[in-house]
Amino acid sequence: MRTFNFSAGPAGLPLSVLESAQAELLDWQGLGTSVMEISHRDPRVIAVFESAQRQIRELLAVPDDYAVIFAQGGASAMFDLIPQNLSPASVHVLNTGAWSEKAIKGAQRHAAVTVTGAAPYVDVPALSPVSGVDYLHYCHNETIHGVRVADIGTHQVPVVCDASSSIFSEAIDWSRHDLVYAGAQKNLGPSGVCLVIAKRSLLNADAALAPVFNFAKLDAEGSMVNTPPVFAVYLIEKVLAWITQRGGVSAMKAAAQRRSTSLYAAIDQSDFYSNPVAPVARSWMNVPFLLANPDLDAEFVRQSEAQGLMFLKGHRSVGGMRASLYNALPDAAVPALIQFMQHFEATRA
């Protein structure tokens, strides 16, 4: 039985994607072997990568002068690899939560860093137009604290965005973004790949990096400087097709707004549950909430899992609960969660 997966990541994948991969697992394209067992130099594997890159460009309206790269190491590797590829002397970071903190620490190993914002992470700090640094970094959606930056504004420096938990859930304004990256394991596919979309003029082929970590060289080699995670990209290509079939990014955005709005309404109408984030800064993807009595947290998790509502326990740094509402979450999941929450409150309040 498929349960409702509210995990913050790795997250659930569309059922049709999993079924398609299952059907092809032992015999891909009539070869009598799995896609995982074939050289990445095979023209059919290269075609999968090219299809994925093409669909990314179409779904996000990526300009031609931006590279679309599949990098290894996940988003955490990018905290160091982005400053190493862009070679900045100074960076400014908008700090809205735990993942911003990690980006700050990564950048500090390579450049002088200034910061706007600090804990507690319950709103987006006011950010004046940034100038005088080599780039501005921000996290569009903080997975742990549930804070979303609705508008980064206009700045006189390149803007780098961590979109790991919001990629393909809404459009990206490329006039305001020079590099966007996203770990795959939330809205895009399984872990093992980080999508990097970067203005080519920013990339330095001569950066003192191993070729497998050099964005310019990855771009030139079609993300195949070395053996890439073929199965992960194969699944990503299927997820991208699923997004297109469902109506594209605009349809994903409408679903995200619908789900999050109904869940926040259920929380706000209750004296038993609460969410600390300012309404204008609330995430559409990750909804943390607290129970009035934290002694009931373990019982809430136990009972919710018994009802097929999985992985609702909040991050250890903030406690409480967290419902992640990524693109692949079935439409029935949030109504089922709200019904359970109301029942639990009625019996435990």
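Select helix α7, residues 248-268: its 21 residues reach 30 Å from first C-alpha to last, close to the 30 Å expected at 1.5 Å a residue (1.5 Å times one less than the number of residues). Helices (H or I, at least four residues) and strands (E, at least two) are DSSP runs numbered from the N terminus. The model is predicted, with local features needing pLDDT of at least 70 and side-chain atom pairs pLDDT 80 or more, while totals for chains, interfaces and linings use all residues. Residues are numbered from 1 along each chain as its sequence is written, and side-chain values use heavy atoms, without hydrogens and water.

Next, colour the buried residues of α7 (under 20% relative accessible area, 1.4 Å probe, protein chains only): G248, V249, M252, A255, A256, R259, S260, L263, Y264, A266 and I267. Seen down the axis of α7, they fall within an arc of 155 degrees, so they line one face of the helix; the arc is taken from the directions from helix axis to C-beta atoms. On the other side, S250 and T261 are exposed (over 50%).

Now show what packs against this buried set: among them α6 (230-245), β14 (321-324) and α9 (333-348).

Add α9. The axes of α7 and α9, lines fitted to C-alpha atoms over the stretch in contact, come within 10 Å and cross at roughly 5 degrees. That makes α7 roughly parallel to α9 (under 35 degrees). R259, S262, L263, A266 and I267 of α7 meet V334, L337, I338 and M341 of α9, contact being heavy atoms within 4.5 Å.

Finally, pick S324 in strand β14. S324 is buried, at 1% relative accessible area. Leaving aside neighbours within four places in sequence, its contacts include N5, F6, M285 and L329.

Notes
Axes are lines fitted to C-alpha atoms, for helices over the stretch in contact, and angles run from 0 to 180 degrees between N-to-C directions. Angles under 35 degrees count as roughly parallel, over 145 as roughly antiparallel, 65 to 115 as roughly perpendicular and the rest as oblique.
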